[in-house]
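Let's take a walk through a protein model together. Have the sequence and the 3D view open, and follow along as we go from a single residue to sheets, helices and the place where chains meet.

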There are 2 protein chains.
Amino acid sequence: MESEELNIAPPPEPQPDPETVSRNRHEAEWKEHVLTLLREERTAELVGFLNDLYASDVAHLLERLDFHEGRRIFLLLDPEHQGEVLHEIEDNLRERYLEDILEPEGVAKILVEQASDEAADLLEEIDIEVVSEILSHVPHEDRVKVTELLSYPENTAGGMMAKEFVAVRDDETVKKAINSLRKMSKESDEIHNVYVVDKLGRYKGHVRLDKLILARPQTKVKRIMEGELLPIPVLTDQEEVAQYFTRYDFITAPVIDEAGALVGRITVDDVLEVIEEEATEDIQRMGGVSGEEKLTSPLLRSSLQRIGWLGLNLATAFLSAAVIGLFETTINQKVILAALMPIVAGMGGNAGAQSMALVIRNIALGELSQGNTARTLRREALIGLINGLSIGALTGLAVFAFTGELALGGVIFLALLFNLVVAATAGTLVPVFLRRINIDPAIGSSILVTTCTDVMGFLAFLGFAYLAISHGMI
Amino acid sequence: MESEELNIAPPPEPQPDPETVSRNRHEAEWKEHVLTLLREERTAELVGFLNDLYASDVAHLLERLDFHEGRRIFLLLDPEHQGEVLHEIEDNLRERYLEDILEPEGVAKILVEQASDEAADLLEEIDIEVVSEILSHVPHEDRVKVTELLSYPENTAGGMMAKEFVAVRDDETVKKAINSLRKMSKESDEIHNVYVVDKLGRYKGHVRLDKLILARPQTKVKRIMEGELLPIPVLTDQEEVAQYFTRYDFITAPVIDEAGALVGRITVDDVLEVIEEEATEDIQRMGGVSGEEKLTSPLLRSSLQRIGWLGLNLATAFLSAAVIGLFETTINQKVILAALMPIVAGMGGNAGAQSMALVIRNIALGELSQGNTARTLRREALIGLINGLSIGALTGLAVFAFTGELALGGVIFLALLFNLVVAATAGTLVPVFLRRINIDPAIGSSILVTTCTDVMGFLAFLGFAYLAISHGMI
C-alpha cells in the first residue's frame with residue numbers, strides 16, 4: 001500500500017482544508033495539491049479531496065487546468081458531483097465535456113442525480129438527436145419531468161422552474177404534508193415550503209416549514225397556510241421573474257399554468273443567476289461586446305463579434321466625417337475650429353452617456369415605464385439645459401481666454417448648449433424607444449445616441465462658426 | 001354609517017384584488033381606488049385595502065403620490081407595515097418620513113416590529129442624537145441587538161446580517177432544537193435553518209428544517225447536521241458576501257466573529273439587494289452618473305454631480321484640442337485631415353470601451369484576479385491587433401476609394417492599427433490598475449481610457465500625416 005512509501009517519504013505537507021480553500025479565490029496553493037495527487041496517481045486521496053470541494057470550486061479549477069488534466073479529474077467524480085460541476089463550469093467546457101467526454105449513458109447517469117431544472121439546462125446544450133438517445137436511458141418519471149421543462153422557452157419562468165416541490169390539498173392534514181415532504185426530501189435539498197392546492201390542483205398558498213414543525217399533526221394545512229407568495233405564470237419572462245423576487249423578497253415562488261394549476265417552483269438561487277447574467281449582458285452590451293463574452297471565450301469569435309460592432313460605428317463615423325466635410329472651406333478659413341470641434345462632439349457624447357446609463361438601468365429595474373417617461377424626459381432635458389449652460393459658459397470663457405476671440409467663445413457656448421440638450425433628449429428617448437420595439441436598449445442605444453451627438457455637435461459648432469464668419473464676427 | 005350613503009350611490013365599482021393589483025406595475029387603476037377612498041374618507045375600507053397590499057407596492061404608491069397624501073396614507077398603517085414600507089421606499093422619502101413625520105416614540109414602535117437588521121438599517125439614516133432618544137423607547141433586548149449591528153460598517157457582512165437565528169449545541173436533541181425554533185418563529189419569518197454551535201458558541205454546521213421535521217425528537221442534532229454552509233467572517237465586504245452566495249447557491253449563511261463564534265445570519269434577499277445595487281452602481285458610474293442617482297433624485301443635486309464629471313471630461317477634451325493645435329499647419333495644408341481625425345479617435349474610444357466593459361464586469365464578478373491578468377492582457381492586445389488590422393484596412397480602403405489618395409489611406413490604416421492596440425491595452429490595464437489602488441474601476445476607467453485613445457488617436461493620425469506630407473507623399 002501507499003503507507004509503506006510514505007514511511008520513507010518526508011512527512012506529508014499539511015493538507016489544505018477544503019473549507020478554508022474555498023474561501024481563497026486565487027487557488028494557486030490547492031491547485032498544486034490536486035495536480036501533485038494527480039501526477040503521483042494517488043487516486044484515492046484525490047477522490048477524497050475532490051469530494052470535499054464545492055462543485056463551483058472544482059469547476060473553477062477545471063477551467064484553469066489544461067483540458068487533458070481537467071478531463072482526468074472530471075472522470076474521477078461521481079455522477080451527482082459531475083452534474084453539479086457541469087452546472088457551474090463555463091459554457092465552452094460544458095459543451096466539450098457533454099459531447100466529447102461523456103457517452104449518452106454517462107450523461108443519463110448524471111441527469112438522474114440532478115434536480116429536474118438543472119437536468120433540463122444541461123440537455124438544452126446538447127444536439128437534439130443525442131438528447132433522445134440520452135433520455136432513453138433515463139427512468140420514465142424523470143424523463144417526463146425533464147421533457148416538460150424542455151418544452152418551455154429557456155428565458156421564461158417555465159425554463160427556470162424545477163418539478164421538485166411538495167404540494168398538498170388544502171383540506172389535508174399536517175401529518176399528510178409531512179409524509180409528502182419525507183418523500184421529496186430524499187430527492188431534493190431545496191425544499192423551503194410546502195405548497196397548498198385545491199382539488200383541481202390550483203395553487204392556493206404555502207406553509208412555511210417552521211409552521212409545519214410547530215403545528216399538531218391533525219391540523220388542516222389550510223389553517224396554517226399563508227398567502228403572500230405570488231404565483232408566477234409559466235410564460236413570464238425571466239427578467240420579470242427576477243423583479244418579482246427582488247421586489248417581494250421571495251426565497252421561492254410557485255409557478256402556475258394558464259388554468260392556475262401548480263406546475264413548478266422557482267428558487268432564489270436561479271434568480272440570482274438571472275440577475276447576474278442580465279447585469280453582465282447590460283454592462284457588456286453597453287460597452288459594445290456580446291453579453292455572452294467571457295475572458296476565456298475563443299479569441300477569434302470574440303474578435304469577429306467586436307469587429308461587427310466597430311464596423312457599425314465606423315459607418316456612423318464616416319457620416320460625421322461627411323458633415324465635417326461640408327464645412328471644409330470654413331475650417332480652411334479658421335483652422336482652430338478643427339481643434340475645438342471634437343470638444344463639442346465629445347461633451348455631447350459624455351452627457352448622452354449619462355442620461356443613457358440612468359435610463360437603461362431604470363428600464364432594466366422596472367422603474368421606468370410608460371407612466372413616468374414624460375416626467376423623466378422633462379427631468380433629463382432640464383438637466384441637459386442646466387449642464388449645457390454651465391459647461392457651455394465654462395468652455396466659452398476658456399476659449400475666449402485662450403484665443404481672445406469673443407465670438408468664437410460665443411459660438412462654442414451655443415453649440416455646447418444645443419448639443420447637451422440634444423444629448424439628454426436622445427439619451428432618454430433612444431433607449432425608451434428601443435425597449436418599446438423590443439430591442440434591448442443596452443445594445444443599440446450608445447451607437448444611436450453617439451451618432452446624434454457627433455453629427456449634431458459638428459453641425460451646430462461648424463454651422464454657427466460659418467454664420468459668425470459670414471457675418472464677419474470671427 | 002357609510003352604508004346608508006352607499007344605498008343611494010351607484011353600485012360600488014368592483015374592488016381591485018390586491019394580489020392581482022400587485023402584478024400590475026402601472027398601478028394607475030388601484031392608485032385611483034386608493035385616492036378615492038382617501039378623499040371620501042372611507043378610512044376603514046382604505047386601511048383594509050392597504051393591509052392587503054405588499055409593503056413594496058405601498059412604497060411604490062407613496063413615491064407616486066404627493067407628499068401630503070402619501071403622509072396621510074402612511075399614518076394609517078400599523079407600525080409593522082410602516083417599517084416594511086420604509087424599508088422599500090426611496091431614500092429621500094424615507095428620510096422625510098423618519099425625521100419629519102414620526103416622533104421618536106413612533107420610530108421606536110416601528111423598530112420593535114422589525115427584524116434587527118432592518119431596524120439597524122433605518123437607524124443608520126437618522127441623526128445620531130435622535131437615535132439615542134429613539135433607542136431609549138426600545139426594550140433592552142432589542143436595543144442590544146440593534147446597537148451591536150450598528151457597530152459594524154454598513155457594507156460588511158456585519159452590516160447585512162440579522163440577529164434573529166436559531167442556534168443549538170451539537171450535543172443537544174432535535175426536541176430542544178424545535179423548542180428554540182418555536183420561540184424564534186414568532187419573532188421572525190425568515191428562519192430557514194437551525195444553526196449548530198459547540199460549547200463555546202463556535203459555528204459547527206446547520207440542520208435543514210425538512211431534516212428537523214423528519215428526525216425523531218431524541219436524535220442528537222450533530223447526527224443530522226450538515227457542513228456545507230461557509231461561515232462568513234463579520235467584516236467581509238458585502239460584494240464578497242454576494243460572490244459567496246452566488247458561487248455556492250446559498251439561501252442563508254452564518255456570520256462569525258474573529259473567534260469563530262456565531263454572531264448572526266445573512267439571508268439571500270439581502271444579497272439580492274446588494275447585487276442589484278452593485279450592478280446599478282457599475283452601470284451608472286460607467287456612464288458618468290452617481291451610483292445613487294435615481295429617476296426621482298433632486299434635479300439640482302443630480303445636475304451638479306453630472307457637471308463635475310463633465311468638467312473633468314472637458315479638461316481632457318482641451319488636452320486633445322491642444323494636441324490637434326500642434327498640427328494646425330498640417331491641417332491647413334490638408335483640410336480633409338480635420339474630417340477624418342475624429343474617426344481615428346472615435347474608433348479607439350469604441351474599441352477601448354469594449355475591452356473596458358468586459359474587464360470591469362469580470363473584476364466585479366471576481367473572475368479577473370492577479371492570476372489571470374497577464375493572460376487577459378495578451379488576449380485583449382491580440383484582439384486589438386486583429387481588429388486594428390481589419391478596421392484599419394477597411395477604413396484605409398474607403399478613404400482611398402473616396403479621395404483617390406493611397407498615402408492618405410495608408411496613414412489612417414496605420415493610425416487606426418496603432419490606436420486600437422492602445423485602446424485594448426488601456427481598456428484592460430486602467431481598470432485593473434484602479435482596482436489595485438482601491439478605486440472603483442467603473443468610476444475612473446472611461447475617462448482615462450478615452451483620454452488615451454483621443455490623445456493617441458489624434459497624435460498618431462496627424463503625426464503620420466505630417467510625416468507623409470513632409471515626405472511629399474500626400
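Start with one residue: leaving aside residues up to four places away in sequence, N155(A) touches D237(A) and Q238(A). Keep in mind that what you're looking at is a predicted model. Along the sequence, N155(A) and D237(A) are 82 residues apart, yet in space their C-alpha atoms are 6.0 Å apart. To find N155(A) yourself, look in the loop between helix 12 (140-150) and helix 13 (157-160) of chain A. Is N155(A) buried, exposed or something in between? It's partly exposed, because 15 other C-beta atoms lie within 10 Å of its own; a buried residue would need 20 or more, and an exposed one would have 12 or fewer.

**A sheet in chain A**

Now for some strands. Strands in a sheet pair through backbone hydrogen bonds, in either a parallel or an antiparallel way. In chain A, three strands line up in the order 1-2-3 to make an open sheet with mixed pairing. Strand 1 (167-169) and strand 3 (203-208) of chain A are the edge strands, each pairing on one side only. On average, neighbouring strands of this sheet are turned by 35 degrees against each other, direction ignored. Five bridges join strand 2 (residues 193-197) of chain A to strand 3 of chain A, and this pairing is antiparallel. Which residue of strand 3 of chain A stands opposite Y195(A)? That's H206(A). Packed on the sheet you'll see helix 14 (residues 174-187) of chain A, which touches strand 1, strand 2 and strand 3 of chain A. The direction of helix 14 makes about 155 degrees with that of strand 1 of chain A.

**A sheet in chain B**

Over in chain B there's an open sheet of three strands in the order 4-5-6, with mixed pairing. Strand 4 (232-233) and strand 6 (262-267) of chain B each have a single partner strand, so one side of each has no neighbour in the sheet. Strand 5 (residues 252-256) of chain B pairs with strand 6 of chain B in the antiparallel sense, over five bridges. For a landmark, find T252(B), which stands opposite T267(B) in strand 6 of chain B. Helix 18 (residues 268-287) of chain B lies across strand 5 and strand 6 of chain B, at about 65 degrees to strand 6.

**Helices side by side**

When two helices pack, people describe them by the angle between their axes and the distance between those axes. Here's one pair from each chain:

| Helix pair | Angle between axes | Axis distance |
|---|---|---|
| Helix 21 and helix 23 of chain A | about 30 degrees | 8 Å |
| Helix 21 and helix 23 of chain B | roughly 30 degrees | within 8 Å |

Angles under 35 degrees count as roughly parallel, and helix 21 and helix 23 of chain A are therefore roughly parallel to each other. Helix 21 of chain A passes helix 23 of chain A in a right-handed crossing. Their contact is made of 18 nonpolar, seven polar and one charged residue. In chain B, helix 21 also passes helix 23 in a right-handed crossing.

**Where the chains meet**

How many residues of chain A are in contact with chain B? The count is 97, and they touch 97 residues of chain B. Helix 21 (residues 336-364) of chain A gives the most to chain A's side, with 18 residues. By type, that side of chain A divides into 51 nonpolar, 28 polar and 18 charged residues.

Notes
Residues are numbered from 1 along each chain as its sequence is written. Chains are lettered from A and ligands numbered from 1 in the order in which they are written. This is a predicted model: local features need pLDDT of at least 70, side-chain atom pairs count only at pLDDT 80 or more; totals for chains, interfaces and linings use all residues. Two strands pair if DSSP finds at least two bridges between them. Helices (H or I, at least four residues) and strands (E, at least two) are DSSP runs, numbered from the N terminus. Axes are lines fitted to C-alpha atoms, for helices over the stretch in contact, and angles run from 0 to 180 degrees between N-to-C directions. Two residues are in contact if their C-beta atoms, placed from the backbone, lie within 7 Å. Ala, Val, Leu, Ile, Met, Phe, Trp, Tyr, Cys and Pro count as nonpolar, Asp, Glu, Lys and Arg as charged, and the others, Gly among them, as polar. A crossing is left-handed if the near helix is turned anticlockwise from the far one by less than a right angle, and right-handed if clockwise. Angles under 35 degrees count as roughly parallel, over 145 as roughly antiparallel, 65 to 115 as roughly perpendicular and the rest as oblique.
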